[in-house]
Amino acid sequence: MPTRKRAVGGAVRAAKVVSPEDGPAAVYPGSFDPITNGHIDIIRRALRVFPRVTVAVAYNPNKDAAMFTPPERVAMIEQALADVGDRVIADSFTGLLVDYAERIGAQVLIRGLRAVSDFEYEFQMTMMNRHLKPNIETVFMMAGEQYFYTSSRLVKEVATFGGDVRTLVPDFVMDRFAERLAKKSAEKRRG
Ligand code: PNS
C-alpha cells in the first residue's frame, strides 16, 4: 500500500493511502474531545464493514473551546485503537468535512446514532453535506445501548465535577482528566 505525507496537528508523518481495491474509504468525523467508549464502539462496528476508517478530529482554530488540543485528541484516538493497527488512521482537519473527505479520497462518512434526538441534527448535516458533495454518502451506525447516553460533552462535565465516568471512557482518558483538573486547580491556587 502506498504512503503519503500528511499533517497531524502540525506534525508531518507518513499515512497510508487507501486505494480503491481496499474497498470504500470511510471517515468518522467528530470533535472527539475526548474519545469515549461510545465512539470506540462505533469505530469497531465500522471496521466490520469498511477495511479502514480514518477517524478525523474536526477543529476550528479561531473558535475551539475544547478541553484537549487536536494533537492530544488524535493521540488519544491512536491509543484507544492501537490494537487494530493501520486499519484506523487518526487525523485532524479544519474547514469543511466534505472537502477533507475528498482530499483523502474517502467516499463515505460514518456517523453514530444514539437516540431519536440525534436524528434531526444528523439529518441536517447529512443533507448539507450531500448538497455540497453529492458523491459522498453518509452511513449511520447505531451505538451499543450501553452508550445511548454517552457524549463527550456530558462526560467532560461530570468528570470536571468529580462524578464517576470510569465505564464511559478508556482508563487513560480518566488519567488525562485527572491531569487536566490538577493543572486547573494549581492554576487557580496561583491566582
Ligand atoms: O462531535 P460532533 O460535534 O458530533 O461532530 C460534528 C462535526 C465535527 C462532524 C461537524 O461539526 C463537522 O462536520 N464539522 C466540520 C465543518 C463542516 O463541514 N461543517 C458543515 C457540516 S454540514
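A residue is called buried when its relative accessible area is under 20%, exposed when over 50%, and partly exposed in between, with a 1.4 Å probe and protein chains only. The model is predicted, so local features need pLDDT of at least 70, side-chain atom pairs count only at pLDDT 80 or more, and totals for chains, interfaces and linings use all residues. Residues are numbered from 1 along each chain as its sequence is written, and side-chain values use heavy atoms, with hydrogens and water left out.

**Exercise 1. State how many helices and strands the protein has, and give their order.**

Step 1. Helices (H or I, at least four residues) and strands (E, at least two) are DSSP runs, numbered from the N terminus.
Step 2. The protein has 6 helices and 7 strands.
Step 3. Along the sequence the pattern reads β-β-β-α-β-α-β-α-β-α-β-α-α.
Step 4. Of the 191 residues in the protein, 46% are buried.

**Exercise 2. Describe the loop between E3 and H1, using phenylalanine 32 and proline 34.**

Step 1. Phenylalanine 32 is located in this loop. Its phi is near 50°, a positive value in a residue other than glycine.
Step 2. Phenylalanine 32 has a relative accessible area of 1% and is therefore buried.
Step 3. Proline 34 also sits in the loop between E3 and H1. The peptide bond that leads to proline 34 from aspartate 33 is cis, with omega near 5°.

**Exercise 3. Determine how helix H1 is capped and how much of H1 is buried.**

Step 1. The N-terminal end of H1 is capped by threonine 36, which has a side-chain oxygen 3.2 Å from the backbone nitrogen of glycine 38. A polar contact is a pair of N or O atoms within 3.5 Å; within protein, one must be able to donate a hydrogen and the other to accept it, and residues adjacent in sequence count only if both atoms are side-chain atoms.
Step 2. H1 spans residues 37-47, and 9 of its 11 residues are buried. Among them are Asn37, Gly38, His39 and Leu47.

**Exercise 4. Characterise the largest pocket by its volume and its lining.**

Step 1. On a 1 Å grid over the protein atoms alone, a pocket is an open set of points where a 1.4 Å probe fits, with protein on both sides within 12 Å along at least five of seven lines; lining residues have an atom within 4 Å of a point.
Step 2. The largest pocket holds about 1,300 Å³ of space, a volume being the space filled by probe spheres set on the points.
Step 3. Its lining consists of 47 residues, and Gly30, Ser31, Arg111, Tyr121 and Met125 lie nearest the centre.
Step 4. Elements giving two or more residues to this lining include strand E3 (26-30), H1 and helix H4 (119-132). The largest contribution, 8 residues, comes from H4.

**Exercise 5. Identify the protein atoms in contact with oxygen atoms of the ligand, at serine 31, leucine 97 and arginine 111.**

Step 1. Residues near the ligand (a heavy atom within 4 Å) include Gly30, Ala58, Tyr121 and Asn129.
Step 2. From serine 31, a polar backbone atom is 2.9 Å from a ligand oxygen.
Step 3. Leucine 97 has a backbone N or O atom 2.8 Å from an oxygen atom of the ligand.
Step 4. In arginine 111 a polar side-chain atom is 2.8 Å from a ligand oxygen.
Step 5. On its own the ligand has 540 Å² of accessible area (Shrake-Rupley method, 1.4 Å probe), and the protein covers 71% of this area.
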